[in-house]
Amino acid sequence: MSSNDPKQPKFTLTLSGDVEVIAAFEPAYVRLGRVARGEKKTQTVKVVARDPGKFKITQIKPSNPGRVSAKLVEGKGGPTLEVTVTAGDKPGRLSESVMATTNLDNPKTLRLTVSGTVSNDLWTDPPRVFFSDFKEKQAQIVDVRVSSLSKKAFKLKGVKDPAGFVTGKVEQVNGQWVAHLTLATKPDKTSGKVQVRTNRKDQPVIEVPYTLGRGSGARTRSGIRSRVKRIPQPVKMRRPPPGKTQRK
């Protein structure tokens with residue numbers, strides 16, 4: 001009987017089991033989230049081994065010693081790795097790692113990856129705004145929420161686009177400041193920056209980059225309300241076909 005015969009019974013083979021870890025960092029990936037510029041953050045991860053009595057870390061090497069330091073700490077529950085990361089002075093992505101050499105043939109090295117975002121105190125969500133192609137009868141409005149990393153009080157004062165394509169207004173919604181950005185006119189370029197003004201002397205302006213182009217609006221970040229207001233169009237009534245004249 002052919003294997004393609006629909007009448008032939010089909011069987012599914014499922015394999016299951018446990019993968020034994022000889023040695024590893026637990027977890028092997030640490031996400032720090034947002035870290036203020038120049039701030040230090042310390043995280044501790046477990047060092048696990050199948051045979052702790054025969055396992056030893058012989059060397060620790062951070063990817064960037066100026067930004068990352070790491071040391072082994074012995075405790076009642078076994079050794080842990082204490083990692084301290086110092087954020088840089090410029091906002092942006094943070095990505096570092098720590099390599100540990102072991103006394104084993106396999107694994108010879110263990111790797112811990114550390115990631116995060118170096119941030120100003122006031123930050124926006126989303127960090128970048130996307131608008132699709134401009135349509136006169138279809139207003140595109142994207143809401144940008146502004147928060148303080150240190151929870152320090154602030155107020156938003158207004159919105160300005162130096163290029164004049166995007167307009168906006170600010171308000172507090174359920175205790176959180178929000179800037180409503182609208183693509184108001186047809187742009188002659190595909191990107192720009194909106195300036196959101198605040199009452200903070202240390203951060204008087206927050207710049208929000210925006211991008212324009214077909215289909216861009218669909219890439220607005222999940223969880224951020226992007227509203228499109230459609231202007232109703234008048235309904236065109238079709239005339240019924242003239243009735244046929246009956247002959248007598």
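**Pockets, sheet and core: a guided reading**

Analyst: In this predicted model, the largest pocket has a volume of about 440 Å³.

User: How many residues line the largest pocket, and which of them lie nearest its centre?

Analyst: A pocket is read through its lining residues. Here 21 residues line the largest pocket, and Pro91, Ser119, Asn120, Leu122 and Trp123 lie nearest its centre. The elements that contribute two or more residues to this lining are β2 (29–36), β8 (109–119), β9 (122–125) and β16 (205–212). The most comes from β16, with 4 residues.

User: How do the residues of that lining divide by class?

Analyst: The lining of the largest pocket holds 9 nonpolar, 7 polar and 5 charged residues.

User: What is the volume of the second largest pocket, and which residues line it?

Analyst: The second largest pocket has a volume of about 170 Å³. Its lining consists of Val47, Val48, Ala49, Pro52, Phe55, Lys56, Ile57, Leu72, Glu74 and Pro79. Strand β3 (residues 40–49) supplies the largest share of this lining, 3 residues. By class, the lining of the second largest pocket comprises 8 nonpolar and 2 charged residues, with no polar ones.

User: Ile57 appears in that lining. Which residue stands opposite Ile57 in β7?

Analyst: A strand is read together with its partners. Ile57 stands opposite Thr102 in β7. The strands concerned, β4 and β7 (residues 92–102), pair in the antiparallel sense over 5 bridges.

User: In what order do the strands of the open sheet stand, and which of them are at the edges?

Analyst: The open sheet is formed by 4 strands in the order β2-β8-β7-β4, with mixed pairing. The edge positions belong to β2 and β4 (57–62); each has a single partner strand, so one side of each is left without a neighbour in the sheet. On average, neighbouring strands of this sheet are turned by 20 degrees against each other, direction ignored.

User: How should the nonpolar core be read, and which of its residues touch the most other members?

Analyst: The general idea is that nonpolar side chains tend to be buried together in soluble globular proteins. In this structure, the largest nonpolar core has 22 residues, of which Phe25, Leu81, Val83 and Leu112 touch the most other members. The elements giving two or more residues to this core are β1 (23–26), β2, β3, β6 (80–86), β7 and β8. Strand β8 provides the largest share of the core, 4 residues.

User: Where else does β8 appear?

Analyst: Strand β8 also stands between β2 and β7 in the order of the open sheet, and β8 is among the elements that give two or more residues to the lining of the largest pocket.

Note on methods
Residues numbered from 1 in each chain as written. Predicted model: local features only at pLDDT ≥ 70, side-chain atom pairs only at ≥ 80, totals over all residues. Heavy atoms only, no water. 1 Å grid on protein atoms, 1.4 Å probe; cavity = no way out; pocket = protein on both sides within 12 Å on 5 of 7 lines; lining within 4 Å. Points joined across faces, edges and corners; volume = space filled by probe spheres on them. Nonpolar A, V, L, I, M, F, W, Y, C, P; charged D, E, K, R; others polar. Pairing = 2+ DSSP bridges. Axes fitted to C-alpha atoms, helices over the stretch in contact; angles between N-to-C directions. Core = buried A, V, L, I, M, F, W, Y, C linked by side-chain atoms within 4.5 Å. Buried < 20%, exposed > 50% of the residue type's maximum accessible area, 1.4 Å probe, protein only.
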